Every structure is written in structure tokens, then in C-alpha cells.
Amino acid sequence: MAISLQPGVKLTVIPTEKFKTVRLFVRFSTKHQKAVASKRALLTNLLETNSFNYPTQTKLSEKLADLYGASFGLNVSKKGNIHQVNLMMNLVNGKYINEQDIFSEGIKFIQEILYHPNIKEGAFDQETFQREKENMMDYLESIKEDKQTLAALRLQELYFAEDIDQKTPSFGTKEDLNSLSAYDLVQTYHEMMTQDQIDIFVVGDIEEERAKEAIQSLPFSPRSLLQTEIFYKQGLKAEVQSEVLYEPVVQAKLNLAYQTSIYYNDQKRFSLLVFNGLFGGFPHSKLFINVREKASLAYYASSTFDSFRGIVTVQTGIDSKDRSRVLSLIEKQLESLKSGDFTESELQQTKVMLKNQFLLSLDSSRGLIEIAYLKQWFSELVEDEKEFEQKIMAVSKEDVKKVAADLQLQAIFTIDKEVAHE
């Protein structure tokens, strides 16, 4: 259960003896907007690299070594309409090294990072800023070499073409990054620290009161709870949007996006989980068996879904000459699920694999944190593995057929090495 430390600042302690470490996780949440995505992404790199009192990466690393090899990092992510800056720190549990103050020392380190960034005369340290900006620009440039990632991002741009925020990834764009200065990020930093909703999680063999006492030393100020609707909903387009990018590739990429009306807070989410497992989520799925294995028309073929934006995507790597055949075969797999053309054995196998996936998530601190975070948004989430299993096992063949029938193809994006064969 979340403890309110300040208005807009919550702490959740998840006591468990599963891990030898204690994980501290701080999430800053605000509305996702193109205008600030690049700023927040670059800010995480700056905060992760050094601070005012640890002005070099070497000094920062030495401090982490003093904390018995603690690990630490920041990143950005996106969930529906929400942009997230995530800070993670893993500390050895003081019980195992007879150092009871190690957690408190870790909190002091976090305070140094968050409240004493390397800012001088109203700007982030210029040398650090320039280096991290160039590193991030190099990363964004490198995406075009990873054709699978490039296809996924371009499909997103095509699907969300009319919403400039949604088609922008969590790390922003090269154009926005290029225009940033070391002064810009100071404003972004202050906005994040004073306005973002803050959710803090502690996972490990630690007493709630002790964790709370240590974390209350972080001087977070009161702020409003985030009012943004977490779900993004888009109107159905009358025509399928299609785009081809021609590149000198050996393996073409064919990605499809379908709209679904099923969102995370819908009880039909469990039917969507089973549907996706049968469609392209597992090695026994329709796409894997029939497109990749039997027809040998794809190097890979899978599906995934985003239940915060109502989208199901299909990813394939193919030969250019087979594009039309693959499109037809993908549609055939969806039609077969609409008509219930799958065995009881396949249905049960999918359910068991989903149950095992859920159990694995409970064995990771990251999985426990995500479940706790979402429970703050949706109180009716499943409480434990038993309830999850009950809901998954209750999904029927008719339920899967309804999910398949609900899907509407909206976008097709192709990376091809030549004029598409139609």
C-alpha cells in the first residue's frame, strides 16, 4: 500500500526475502509531450554521469564502489499519455555484510544526484552537456542502422500520424535534441523536481518503517497529483495507411498495426493476452508456425500489444519478393483466430505460458515495482498469481474469437530494398 510522504509524492515498500539486494526506484511522471521528451531524455544522461560533488564519471563510480558496488542509473519510458523518468539503485542488503547504514548511505547518494546536479552559473556543466548531447545524437543516428527498431518506430509514426506527441518516442527526436542548450535543461530539471508526480518503491528484505524514515530525508516538495488520463485513444481511420521506405537492406521489414478497443483496465485484457499468445506471442503461435516455419516466408514473425494505447503490432523480417504473400498469410492467421481455428491444446498451452510469464515477473524486483505502480492507477488489478491464473484460465475460445474480430488494420510500414512486388 502506498504511503503519502507529501501531496503528489508516494512511497511503496515491498518487503520480500527473495533478493540479497535492496532496490530503490524513483519514478517522475508527467504528461508526454514532444516538446520536452528530448530534454528529459538528455537530462537523465547528465544526472547519471556526474553531480556537483562528484564532477566526473570516475568520482561517481568511486562513490558507488564505496557503497559495496552499488549499481545506479536513469532512463526514460512512456506509458500511454505519461512520460516517465526512472531512477534505479541496487544496494547490497546491510544484513549480509553487517552494515546496517548502507541503505541510508544509498539515500544520501540519491539526494546528491537529485539535489546537487552539476550546474554552474545557471547551466549544466558545459563539457558534460556537450559530451552527453553528442553521445545521445550518436545513439539516435545509430537507430537507422537497426532496421528492426527503425521499422517499429516508423510504424508508430505512421499509426499516430495526426498526434505529434504520440508519434514521438520517449527519448524524443534528433531535431529537438540538436537545438538544446545547457541552460534549457536547467529549466527542465527544475520542472521535473517541483511538478512531476513522484512514486518511490523499495523492494527487498527491509522493514517499511526503516525505509520510510530514510526516504523522508529526501526533501521532495508538495505537488499536484498527475491529472493526465493514462490511456491514449485514437479514432478509427477509414483507410489503411501504408508507407514504404527504400533502403539498401538484405532483409526487408514488414510491420502492421491494428487498433483494438481493449485497454489495460478492461477485464477483456486477459482475453487479449491469450489472443496475442496464439497470434504471435509465443513459439507455438500462428505467425511463428505458419508464416515462419511452415511457409518459410519470414526470418522472424511475432506480435505484441500496447494496452495503454489500444494497438496490436505485427513484426516480420522477409524477402522483398514475398511481401504480398506474407501480407495475405498474416491476414489468414487473424481470420483463423476469428473463426476459432485453434485447438484446445493450443489454448491451454498459451494459458500455461502466460501464467509462467506472470510468475517470472513476480520473481524480479522490476516486475513487482511495475505491478505496484499500476495498482496506484487501477485498484481492481489482480492481487496475486492465484487470481491471475483464475482470470487467464477462464478465457474461452469465444473470448479469443471476439478479440480477433475486434482488431482493425490501420497501418502497414515496409522497409524494402526495391520497388515492392505487388
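**Salt bridges**

Across this predicted model, a search of the whole structure turns up 22 salt bridges. Side chains of opposite charge can pair when their charged atoms come close. Take a few of these pairs as stops on the tour.

Select Lys 18 and Asp 363. Their side chains meet in a salt bridge, 3.4 Å from N to O. The two residues come from distant parts of the chain, 345 residues apart. Lys 18 sits in the loop between E2 and E3. Asp 363 sits in the loop between helix H13 (344–362) and H14. Is this pair buried or exposed? Lys 18 is partly exposed, with a relative accessible area of 47%. Asp 363 is partly exposed too, at 46%.

Next, select Arg 27 and Glu 370. Here the salt bridge spans 2.8 Å, N to O. This pair again links distant parts of the chain: Arg 27 belongs to strand E3 and Glu 370 to helix H14, 343 residues apart. Color Arg 27 by accessibility. Its relative accessible area is 3%, so Arg 27 counts as buried, the cut-off being under 20%.

Now go to Glu 247 and Lys 147. Their side chains form a salt bridge at 2.4 Å, N to O. What does this pair tie together? Glu 247 lies in the loop between strand E9 (241–246) and strand E10 (252–259), and Lys 147 lies in helix H6 (residues 147–159), so the salt bridge connects parts 100 residues apart in sequence. Glu 247 is partly exposed at 21% relative accessibility. Lys 147 is buried, at 18%.

One more selection before moving on: Lys 95, Asp 205 and Glu 207. Salt bridges with shared partners join these residues into one network.

**The six-stranded sheet**

Switch to a cartoon view. Six strands make up an open sheet, in the order E1-E2-E8-E3-E5-E4, with mixed pairing. Find the edges: strand E1 (3–6) and strand E4 (71–79), each pairing on one side only. Look along the sheet for its twist, which averages 20° from one strand to the next.

Select strand E2 (residues 9–15) and strand E8 (residues 197–204). They pair in the parallel sense, over seven bridges. For one point along this pairing, show Ile 14: opposite it, in E8, stands Val 203. Show the side chains as you go. In a regular strand the side chains alternate between the two faces of the sheet.

**The helix across the sheet**

Add helix H14 (residues 365–377). Which strands does helix H14 lie across? The list is E2, strand E3 (21–31), E4, strand E5 (82–92) and E8. Helix H14 runs at about 140° to E8. Keep Arg 27 and Glu 370 on screen here: their salt bridge links strand E3 to helix H14.

**Strand E13 and its partners**

Finish at strand E13 (residues 408–416). Why is E13 described as largely enclosed by the rest of the structure? Seven of its nine residues are buried, so the strand is largely enclosed.

Select E9 beside E13. Six bridges join E9 to E13, and the two run parallel. Show Gln 241: its bridge partner in E13 is Ala 411.

Then select E10. Seven bridges join E10 to E13, and this pair runs antiparallel. Show Tyr 258, whose bridge partner in E13 is Leu 409. With E9, E10 and E13 all displayed, bring back Glu 247, in the loop between E9 and E10.

Conventions:
Residues numbered from 1 in each chain as written. Predicted model: local features only at pLDDT ≥ 70, side-chain atom pairs only at ≥ 80, totals over all residues. Heavy atoms only, no water. Pairing = 2+ DSSP bridges. Helix = DSSP H or I, 4+ residues; strand = E, 2+ residues; numbered from the N terminus. Axes fitted to C-alpha atoms, helices over the stretch in contact; angles between N-to-C directions. Contact = heavy atoms within 4.5 Å. Salt bridge = Lys/Arg side-chain N within 4 Å of Asp/Glu carboxyl O. Buried < 20%, exposed > 50% of the residue type's maximum accessible area, 1.4 Å probe, protein only.
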